[in-house]
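Colleague: Got a minute to go through this one with me? I'd like to start with a contact list, then wander a bit.

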Amino acid sequence: ASYFVGHLKKRRMSESLPSNDSRLFIELEFVQNLANPKYLSYLAQQGFLDQVEFINFLKYLRYWKQPKYLKLLAFPQCLVFLDSLIDNSRFKRELTVGQFIEYVHQQQGLLWMEKEKQP
């Protein structure tokens with residue numbers, strides 16, 4: 001089982017694991033949260049990004065890059081952050097710096113504004 005589902009199971013021992021459809025939507029929600037720089041900062045500050053199990057879970061989530069899953073994403077930039085969380089140690093370190101988080105957030109805002117201008 002994945003890291004996330006494993007923690008879900010531990011938290012809800014009396015409940016069964018989610019169905020495949022439910023799991024897809026749980027993982028969809030989680031992977032899209034990776035588009036939120038403040039959430040990424042939280043993960044870094046809590047030490048999740050130093051845990052091998054968590055990094056393995058992030059690697060598992062790369063299946064969202066496949067076209068049949070990619071089309072479900074409202075915030076596809078989450079996949080850029082997903083790769084950075086796995087492969088970019090400098091990015092992970094910077095996630096604990098407030099100015100960096102604000103910079104990333106501002107850059108996202110500028111990108112969204114530009115996309116809205118496009119026909």
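Modeller: Sure, and bear in mind that this is a predicted model. Apart from neighbours within four places in sequence, Trp64 is in contact with Leu24, Glu27, Leu28, Val31, Tyr69, Leu70, Leu72, Leu73 and Leu79.

Colleague: And in the largest nonpolar core, which residues touch the most other members?

Modeller: Trp64 is one of them, along with Leu34, Leu58 and Leu95; the core has 29 residues.

Colleague: Which helices each supply at least two residues of this core?

Modeller: Those are α2 (20-33), α3 (37-45), α4 (52-60), α6 (78-87) and α8 (98-117). The largest share comes from α6, with 6 residues.

Colleague: Switching to Lys92, is that buried or exposed?

Modeller: Lys92 is buried, and it has no salt bridge. Asp50 has the nearest side chain of opposite charge, 6.1 Å away. Lys92 sits in helix α7 (residues 89-94).

Colleague: What does Lys92 touch, not counting residues up to four places away in sequence?

Modeller: Ala44, Leu49, Ile55, Ser84, Leu85 and Ile86.

Colleague: Now α3. Which of its residues are buried?

Modeller: Pro37, Leu40, Ser41, Leu43 and Ala44. They line one face of the helix, because they fall within an arc of 160° seen down the axis of α3. Lys38 and Gln45, on the other side, are exposed.

Colleague: What caps the N-terminal end of α3?

Modeller: Asn36 does, with a side-chain oxygen 2.8 Å from the backbone nitrogen of Lys38.

Colleague: And what follows α3?

Modeller: Gly47, with a positive phi near 85°.

Terms used:
Residues are numbered from 1 along each chain as its sequence is written. This is a predicted model: local features need pLDDT of at least 70, side-chain atom pairs count only at pLDDT 80 or more; totals for chains, interfaces and linings use all residues. Side-chain values use heavy atoms; hydrogens and water are left out. A nonpolar core is a set of buried Ala, Val, Leu, Ile, Met, Phe, Trp, Tyr and Cys residues joined through side-chain atoms within 4.5 Å. Buried means under 20% relative accessible area, exposed over 50%, partly exposed in between (1.4 Å probe, protein chains only). Helices (H or I, at least four residues) and strands (E, at least two) are DSSP runs, numbered from the N terminus. Contact means heavy atoms within 4.5 Å. Lys and Arg count as positive and Asp and Glu as negative; His and the chain ends are not counted. A salt bridge is a side-chain nitrogen of Lys or Arg within 4 Å of a carboxyl oxygen of Asp or Glu. The arc is that of the directions from the helix axis to the C-beta atoms. A polar contact is a pair of N or O atoms within 3.5 Å; within protein, one must be able to donate a hydrogen and the other to accept it, and residues adjacent in sequence count only if both atoms are side-chain atoms.
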